[in-house]
Amino acid sequence: GASLRFTVPPEVHDGLLALARESRATLYMVAQAGLAALLTRLGAGEDVPIGGVVAGRTDEALDELVGFFVNTVVLRTDTSGDPTFRELLGRVRESDLAAFAHQDVPFERLVDAVSSNRSLARHPLFQVMLVLQNNATAELGLPGLTGRELRVDPGVAKFDLAFELIEQAEGGLAGLLEYSCDLFDPETAERICE
């Protein structure tokens, strides 16, 4: 696998946030609708499953508990019938809210229930992941030490395509596309980012 960084300028980010507000949606839903529309145009069909993550902290008992409770969800996007983008965003909002209502179902249980002839060569339910990081960056502060985040490129792709969007304090989005080199060449990955 390989990865490619890209940016979404502050003025476009602001427009996406405004569209989300007007549509009673989230920035994630707007990004998902845009990604599904792009993938449909690129030949992925009209039923586009996209993997996402949820915090997994719906129970108040977990509020003060330290731990990693993230769960994976499959967000299906129906792009059929040549909808306008606002119509597509409405579909995404509706299907995402339905999926989030069942976000506590462990992903492994979902895979077992629907994937009888599973191949270990592919992810069982989706091949495209979308993640939006919109939390403030944590600062590591230890007496006499400074810390910073270092990204490590493992040289492999967990999915055919994985998009990470990070909201920047100064506006705009920092993006990272991780892609499978068996399926995409660098030029194609660059066009997808554009």
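Start by selecting helix H5, residues 186–193, and find Glu187 within this helix. The model you are viewing is a predicted one.

Keep Glu187 selected and add Asp185, Glu190 and Glu194; together these four residues make up a negatively charged patch on the surface.

Next, go to the salt bridges, of which the structure has 3. Side chains carrying opposite charges can pair if their charged atoms come close. For one example, select Arg86 and Glu22: these two form a salt bridge, with 3.0 Å between the closest N and O atoms. Colour helix H3 (residues 85–100), which holds Arg86, and helix H1 (residues 10–22), which holds Glu22. The two partners are 64 residues apart, so this salt bridge, a contact between a side-chain nitrogen and a carboxyl oxygen, links distant parts of the chain.

Finish at the largest pocket, whose volume is about 560 Å³. Select Val53, Val54, Ala55, Leu132 and Asn134, which are the closest to the pocket centre among its 17 lining residues. Then show helix H2 (27–41) along with strands E2 (47–54), E3 (71–78) and E4 (128–133); each of these elements gives two or more residues to the lining.

Note on methods:
Residues are numbered from 1 along each chain as its sequence is written. This is a predicted model: local features need pLDDT of at least 70, side-chain atom pairs count only at pLDDT 80 or more; totals for chains, interfaces and linings use all residues. Side-chain values use heavy atoms; hydrogens and water are left out. Patches are made of residues with over 30% relative accessible area and no salt bridge: like charges are joined within 9 Å, nonpolar side chains (Val, Leu, Ile, Met, Phe, Trp, Tyr) within 5 Å. Accessible areas come from the Shrake-Rupley method with a 1.4 Å probe; for residues, only the protein chains shown count as cover. Lys and Arg count as positive and Asp and Glu as negative; His and the chain ends are not counted. The place of a charge is taken as NZ of Lys, CZ of Arg, CG of Asp or CD of Glu. Helices (H or I, at least four residues) and strands (E, at least two) are DSSP runs, numbered from the N terminus. On a 1 Å grid over the protein atoms alone, a cavity is a set of points where a 1.4 Å probe fits but cannot get out, and a pocket is an open set with protein on both sides within 12 Å along at least five of seven lines; lining residues have an atom within 4 Å of a point. Grid points are joined across faces, edges and corners, and a volume is the space filled by probe spheres set on the points.
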